[in-house]
Amino acid sequence: MLARTDAQAMIADKAYDAHERVVEQLLRQGKQVFIPSIRTRKTQRGYDRHVYQERHLIENFFVRLKEYRGIATRHDKTAAAFLGGIHLAATVVWLN
């Protein structure tokens, strides 16, 4: 899955700190990696904290979107209606 990604960077949490399977593969492809090391790792990998904080903000936004039952359970029958619900909920989240 990582080999087919067109993204230039990977921003993930500590759960993706599998150095050989994830990090090395991404670095070989020339992508930037913003994944903090787990606490027990002997050599801690450096990462840009500001970029990692941006990931946290985006993750919190999706959590707030899932508070709306129609989006979390995807009751809409068409993709257009679902997208309209996301736009409406995102507007409400943004205004709060």
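If we look at helix α2 in this predicted model, the residues that count as buried are Tyr 52, Arg 55 and Leu 65. They span an arc of only 125° around the axis, and therefore they sit on the same side of α2. On the other side of the helix we find Arg 49, His 50 and Leu 57, which are exposed.

What do the buried residues of α2 pack against? Their partners are two strands, β1 (9-11) and β2 (32-34), together with two helices, α3 (69-73) and α4 (79-95).

As for the helix itself, α2 consists of 17 residues, and the distance from its first C-alpha to its last is 25 Å, which is close to the 24 Å expected at 1.5 Å a residue. At the start of α2, there is a contact I would like you to find on the screen, where a side-chain oxygen of Asp 48 comes to within 3.2 Å of the backbone nitrogen of His 50. You will recall His 50 as one of the exposed residues on the other side of the helix.

Let me now return to Arg 55, one of the buried residues of α2. How many salt bridges does a search of the whole structure find? The search returns one, and that salt bridge joins Arg 55 to Glu 59, with the closest N and O atoms 2.2 Å apart. Both residues belong to helix α2, which runs over residues 49-65, and they are four residues apart, or about one turn of the helix. An α-helix has 3.6 residues a turn, so residues three or four places apart point the same way.

Are the two partners buried or exposed? Arg 55 counts as buried because its relative accessibility is 14%, under the 20% cut-off, whereas Glu 59 is partly exposed, with a relative accessible area of 39%.

For a view beyond α2, please turn to Arg 21, which is located in helix α1, residues 19-28. This arginine counts as exposed, with a relative accessibility of 64%. Between the C-alpha atoms of Arg 21 and His 56, which are 35 residues apart along the chain, the separation is 23 Å.

Finally, a word on annotation, which I pass on as it comes from the record: the unreviewed UniProt entry carries "domain: Transposase DDE" over residues 10-95. In the model, that span is 57% helix and 6% strand, and the C-alpha atoms at its ends lie 29 Å apart.

Technical notes: Residues are numbered from 1 along each chain as its sequence is written. This is a predicted model: local features need pLDDT of at least 70, side-chain atom pairs count only at pLDDT 80 or more; totals for chains, interfaces and linings use all residues. Side-chain values use heavy atoms; hydrogens and water are left out. UniProt positions are given in the numbering used here, feature names are shortened, and annotations may be inferred rather than shown by experiment. A salt bridge is a side-chain nitrogen of Lys or Arg within 4 Å of a carboxyl oxygen of Asp or Glu. Buried means under 20% relative accessible area, exposed over 50%, partly exposed in between (1.4 Å probe, protein chains only). The expected span of a helix is 1.5 Å times one less than its number of residues. The arc is that of the directions from the helix axis to the C-beta atoms. Contact means heavy atoms within 4.5 Å. A polar contact is a pair of N or O atoms within 3.5 Å; within protein, one must be able to donate a hydrogen and the other to accept it, and residues adjacent in sequence count only if both atoms are side-chain atoms.
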